[in-house]
Each structure stands twice: as structure tokens, then as C-alpha cells.
Amino acid sequence: MRGFTLVEMLVVLGIMIVITSITILGQSTFNKSLTLTDTAYTVALSVRESQSLGLSGRKVTVAGIPTQNAGYGVYFTEGNTYVQFADIYPGKPGDDLGGDCPGHTVNEGPESRPGNCLYDVGEDSVMKTYRFDRGFNVARFCGESTAGTQYCSDSGSNSITALHVVFLRPNTESSIMGWRSGAPIELVNAEIYIEPAEGGASRGVCISKVGQVAVATSTCSL
């Protein structure tokens with residue numbers, strides 16, 4: 001009975017190395033896909049939490065000063081962070097966006113509301129700043145205007161640099177604002193796409209005007 005020759009052993013070892021490499025690479029890709037999906041659901045849950053807080057009208061206390069009826073929202077820019085905030089600026093209730101901010105029609109009394117449905121850096125109360133790990137980023141975000149125009153952070157002619165999503169009682173609808181050329185633009189939906197830093201597959205967090213929040217494996221279809 002003869003044994004294996006050196007050539008046969010090298011061939012077998014080569015086959016084993018190839019199979020092992022494919023298995024490890026496949027497992028790594030699968031794990032990264034699961035982590036990416038989990039990250040997108042974390043973003044969606046923080047939007048849902050803001051929606052719940054906004055509809056509950058939870059009181060916000062900053063520097064010992066309580067604020068009633070504040071809206072709660074999420075603020076997105078491109079990069080590896082996003083902000084959950086309470087919309088308390090400006091403190092004087094009123095219709096500061098000419099009707100774009102729902103519910104800002106009462107200036108006095110228990111139904112009056114502060115804020116402007118935007119995240120004002122240094123003025124609004126930051127609930128939490130989320131930072132992605134594992135190399136994920138907000139790669140881009142988009143929204144459609146009331147006139148049907150599509151705006152995206154990566155669009156040359158119709159670009160927006162930030163996205164503000166706010167919820168406030170008693171409205172079940174969301175207030176979605178894009179920031180363009182130093183001014184807000186009202187949107188009827190929002191799409192936030194999470195990607196690895198090196199690119200590739202993405203997950204979309206989709207928010208509709210009526211308050212629907214969903215995660216898409218490719219592009220949103222609200």
C-alpha cells in the first residue's frame with residue numbers, strides 16, 4: 001500500500017485552504033450584513049422613541065426651567081453621528097415657520113408650543129448623541145418636497161445638508177424638514193441610508209409624513 005505523494009498532499013492542502021477561505025469570508029460578510037441591519041433598526045427605534053415622546057408631550061427641564069408641549073425629533077447629517085433632541089427653541093410659542101410646523105397656531109394657553117421643528121445647535125435640548133461604531137455612517141439622506149421634487153444630500157442641483165424630523169402632540173404626522181441654502185424646506189418623507197465606510201450594501205430608514213417608520217434592505221418605497 002503506497003502513501004500520499006508530496007504533490008497529492010499539496011493539492012489537498014490547497015483545496016482545504018480555498019474552502020476555508022471561502023467559508024470565513026462568507027461568514028464575515030454575513031455577520032457584517034446582520035450588523036448593518038441591526039444598526040439601521042437602532043436608528044429606526046430612536047425615531048420611534050422621539051415619536052412616542054413627542055406624542056406624550058413629556059415635559060423638558062433645562063437649567064431648572066421646565067418647558068411644556070415640546071416636540072421631540074432626530075437630526076441627521078452625513079457622517080457617523082446623529083442627534084435626538086427636544087425642540088424647545090425658540091421658547092415663545094407661535095407659528096415661526098409660516099404653518100410648516102404643525103400645531104404652531106396657538107400663541108397662548110395650554111395648547112401653545114415652543115420650538116420651530118428644527119434642531120438649533122446650542123439652543124435645543126440634546127437628549128442623546130448617537131455614534132455609529134464598526135465603521136458605519138449615514139452615507140446620504142433624501143426627501144421629497146410637497147411639490148414632488150426629490151432632494152438628496154448627494155445631489156448636485158437639489159442638495160440638502162441636513163434633515164430634521166420632529167414629532168409633537170396632538171399630531172400623529174411627522175414634521176420633516178430639509179436644510180437647503182440656509183433655509184428649511186418642507187418634505188413629505190425622509191430616507192436615511194446607512195452604509196459601511198468602505199461602501200457597498202446599504203440599509204434605508206424610511207419615514208413618511210403620516211409617521212410610518214420602516215427599514216428597507218435597499219431603497220425606500222414610501
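The following questions and answers go through a predicted model, from its sheet to its rings and disulfides.

Visitor: In what order do the 6 strands of the open sheet stand?
Guide: Strands of a sheet pair through backbone hydrogen bonds, either parallel or antiparallel. In this open sheet the pairing is antiparallel. The 6 strands stand in the order 5-4-3-8-9-10.

Visitor: Which are the edge strands?
Guide: The order of the open sheet is 5-4-3-8-9-10. From one strand to the next, the twist averages 25°. An edge strand here pairs on one side only, and that holds for strand 5 and strand 10 (183-187).

Visitor: How many residues of strand 8 are buried?
Guide: In a regular strand the side chains alternate between the two faces of the sheet. Ala-162, His-164 and Val-166 point one way from strand 8, while Leu-163, Val-165 and Phe-167 point the other way, and all are buried. Strand 8 (residues 162-167) is thus mostly covered, and its buried residues number 6 of 6.

Visitor: Which residue of strand 9 stands opposite Val-166?
Guide: Strand 8 pairs with strand 3 (residues 71-76) in the antiparallel sense over 5 bridges, and there Gly-73 stands opposite Val-166. Strand 8 also pairs with strand 9 (residues 175-180), antiparallel and over 5 bridges. In strand 9, the residue opposite Val-166 is Ser-175.

Visitor: Which residue in strand 10 stands opposite Met-177?
Guide: Strand 9 and strand 10 run antiparallel and are joined by 5 bridges. The residue in strand 10 that stands opposite Met-177 is Glu-186.

Visitor: Tyr-82 and Tyr-130 form an aromatic pair; what is the angle between the planes?
Guide: A pair of aromatic rings is described by the distance of the centres and the angle of the planes. The count of aromatic pairs comes to 5. One of them is Tyr-82 with Tyr-130, 4.7 Å centre to centre; the pair is stacked, with an angle between the planes of 5°.

Visitor: How many residues apart are Tyr-82 and Tyr-130?
Guide: Tyr-82 is buried, and Tyr-130 is buried too. Tyr-82 is in strand 4 and Tyr-130 in strand 5, and the pair links distant parts of the chain. Along the chain they are apart by 48 residues.

Visitor: Are the rings of Phe-85 and Tyr-119 stacked, edge-to-face or tilted?
Guide: The centres of the rings of Phe-85 and Tyr-119 are 5.0 Å apart, and their planes are at 45°. Planes under 30 degrees apart count as stacked and those over 60 as edge-to-face. The angle of 45° fits neither, so the pair of Phe-85 and Tyr-119 is tilted.

Visitor: Why do Phe-85 and Tyr-119 count as buried?
Guide: Phe-85 is in strand 4 and Tyr-119 in the loop between strand 4 and strand 5, 34 residues apart. Buried means under 20% relative accessible area. Phe-85 and Tyr-119 are buried because their relative accessible areas are 0% and 12%.

Visitor: Which residues do ring pairs link into a cluster?
Guide: Tyr-82 and Tyr-130, the stacked pair, belong to this cluster. With them, ring pairs link Phe-76 and Phe-132.

Visitor: Is Asp-120 buried or exposed?
Guide: Asp-120 is in the loop between strand 4 (81-87) and strand 5 (125-131). Its side chain is joined to that of Asn-116 by a polar contact of 3.2 Å. The relative accessibility of Asp-120 is 18%, so Asp-120 counts as buried.

Visitor: Is the disulfide of Cys-142 and Cys-152 right-handed or left-handed?
Guide: A disulfide is a covalent bond between the sulfur atoms of two cysteines. Those of Cys-142 and Cys-152 are 2.0 Å apart. Cys-142 is in strand 6 (residues 136-144) and Cys-152 in strand 7 (residues 150-152). The torsion about the S-S bond is about 110°, so this disulfide is right-handed.

Visitor: What is the hand of the link of Cys-206 and Cys-220?
Guide: A search of the whole structure finds 2 disulfides, and one of them joins Cys-206 to Cys-220, S to S 2.1 Å. Both Cys-206 and Cys-220 are buried. With -85° about the S-S bond, the link of Cys-206 and Cys-220 is left-handed.

How values were computed: Residues are numbered from 1 along each chain as its sequence is written. This is a predicted model: local features need pLDDT of at least 70, side-chain atom pairs count only at pLDDT 80 or more; totals for chains, interfaces and linings use all residues. Side-chain values use heavy atoms; hydrogens and water are left out. Helices (H or I, at least four residues) and strands (E, at least two) are DSSP runs, numbered from the N terminus. Buried means under 20% relative accessible area, exposed over 50%, partly exposed in between (1.4 Å probe, protein chains only). A polar contact is a pair of N or O atoms within 3.5 Å; within protein, one must be able to donate a hydrogen and the other to accept it, and residues adjacent in sequence count only if both atoms are side-chain atoms. Rings of Phe, Tyr and Trp (its six-membered ring) pair if their centres lie within 6.5 Å; planes under 30 degrees apart count as stacked, over 60 as edge-to-face and the rest as tilted. Two strands pair if DSSP finds at least two bridges between them. A disulfide is a pair of cysteine sulfur atoms within 2.5 Å. Axes are lines fitted to C-alpha atoms, for helices over the stretch in contact, and angles run from 0 to 180 degrees between N-to-C directions.
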